[in-house]
Amino acid sequence: MTERLPVAVLGASGRMGQRVVQQILDSDDLALACAVCRADSNSLGADAGLLAGRAKAGVPLTTVDAGFGDARVVVDFSLPGGTLAALPYLGRRALVTGTTGLDAAQLAALHTQADAGPLLHAANFSTGVNVLLALVRAASRALSDFDVEVVEAHHTRKVDAPSGTALALARAAAEARGWDLEAVRRDGRVGHTGARPAREIGLHALRAGGITGHHEVWLGGPSEQIQLVHTAASRDVFAEGALRATRWIAGRPPGLYGMSDVLGL
Ligand code: NAD
């Protein structure tokens, strides 16, 4: 029998972290090495398996300063503060992070980790969204005179907007045309906006109920339009993708990787 890969979960008390813990415990090739949550969490000290609705795992939730034990890969679904707080404790371990909402300075700090160990940061771990990114790149390049708008919808407890996935889709469309997203993005419209400039990408965020994740990319031409739409039915797709990345990244050299590497896109 081959040895199980020891994995730590950062954000283990959260909506996504609990899914990741479930899938690690249900797998026959991964082991839950440790589980981390924020210091003021009610779940601190609770058993990670019981918290995730599984049998007792013998892994109590700890804070990040307790380190990551013998984990070889850390899977992170926390918040920007959690991701950055973990960096000094990672050493050469691989980090697979799905945390969104990092600003440019936080992203730059995260990327320094790629000098020490393998790092994979994905705004969305679903295979469908990663194929969608490739489709958006192709459509934006081929239909270079079409207007691009990105619409996303999520549950009401999401704290960042627009979603990391919406930004990734907008960036894919922008880069396919040689544009810098920051120079052309337009976050919502209200009032007397004037006519829409051609060199613009609109971003629009809806928040309602329990929506897991919905993204639309609109490409509007003068007499025809295309809508590319992705809807996630369950958070399990993100956990599955993150663990696919976890299996793929273990043992890789230091560096910055993406889901396109994992999926061979
Ligand atoms: P959540 O609020 O339910 O859980 C957050 C978790 O992070 C909790 O366990 C909390 O204790 C922990 N945490 C927060 N700050 C921390 C800190 N400073 N130190 C240690 N732990 C800390 O959130 P969620 O819905 O599970 O989402 C978590 C993140 O994952 C968000 O950024 C969300 O946008 C992102 N997300 C990414 C994907 C993807 O595919 N990449 C999919 C879904 C959600």
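**View A. Helix 8 is followed by Gly 251, whose phi is positive, near 90°.** This is a predicted model, in which local features need pLDDT of at least 70, side-chain atom pairs count only at pLDDT 80 or more, and totals for chains, interfaces and linings use all residues. Residues are numbered from 1 along each chain as its sequence is written, and side-chain values use heavy atoms, with hydrogens and water left out. Helix 8 itself covers residues 236–249; helices (H or I, at least four residues) and strands (E, at least two) are DSSP runs, numbered from the N terminus. From first C-alpha to last, the 14 residues of helix 8 reach 20 Å, close to the 20 Å expected at 1.5 Å a residue, where the expected span is 1.5 Å times one less than the number of residues. Look along helix 8 for its buried residues: Phe 238, Ala 239, Gly 241, Ala 242, Leu 243, Ala 245, Thr 246, Trp 248 and Ile 249. Here buried means under 20% relative accessible area, exposed over 50%, and partly exposed in between (1.4 Å probe, protein chains only).

**View B. The buried residues of helix 1 pack against three strands' worth of neighbours and more, including strand 1 (5–10), strand 2 (30–36) and strand 4 (73–76).** Helix 2 (48–51) and helix 8 are also among the packing partners of these residues. The buried set of helix 1 consists of Met 16, Gly 17, Val 20, Val 21, Gln 22, Gln 23 and Ile 24. Running over residues 15–26, helix 1 has 12 residues and reaches 17 Å between its first and last C-alpha, close to the 16 Å expected.

**View C. Leu 61 sits in strand 3 (residues 61–62).** With a relative accessible area of 2%, Leu 61 is buried. Leaving aside neighbours within four places in sequence, Leu 61 is in contact with Ala 12, Ser 13, Ala 35, Cys 37, Ser 43, Leu 44, Gly 45, Ala 46, Asp 47, Ala 48 and Leu 51, where contact means heavy atoms within 4.5 Å. For scale, the C-alpha atoms of Leu 61 and Leu 25 are 15 Å apart, with their positions 36 residues apart along the chain.

**View D. A cis peptide bond joins Ala 161 to Pro 162, with omega near -10°.** Most residues other than glycine have a negative phi, and most peptide bonds are trans. Pro 162 belongs to the loop between strand 7 (147–154) and helix 6 (164–176).

**View E. Leu 169 has its place in helix 6.** Its relative accessible area is 0%, and Leu 169 is buried. Outside the neighbours within four places in sequence, the contacts of Leu 169 are Leu 132, Leu 133, Val 136, Val 150, His 215 and Val 217. If you go from Leu 169 to His 192, 23 residues apart along the chain, the C-alpha atoms are separated by 27 Å.

**View F. Arg 196 and Asp 147 are in touch with each other, with their C-alpha atoms 9.0 Å apart in space and the residues 49 apart in sequence.** Arg 196 is found in the loop between strand 8 (185–187) and strand 9 (201–207), whereas Asp 147 lies in strand 7. Are these two residues buried or exposed? Arg 196 is partly exposed, with a relative accessible area of 27%, and Asp 147 counts as partly exposed at 29%. Not counting residues up to four places away, Arg 196 also touches Val 148, Glu 149, Arg 189, Ile 201 and Gly 202. With the same kind of neighbours left out, Asp 147 touches Ala 198, Trp 218, Leu 219 and Gly 220 as well as Arg 196. Leu 219 is 72 residues from Asp 147 along the chain, and their C-alpha atoms are separated by 5.4 Å.

**View G. Stepping back, the protein chain has nine helices and 12 strands.** Its C-alpha trace spans about 60 × 40 × 35 Å along the principal axes. Buried residues make up 49% of the 265 residues.
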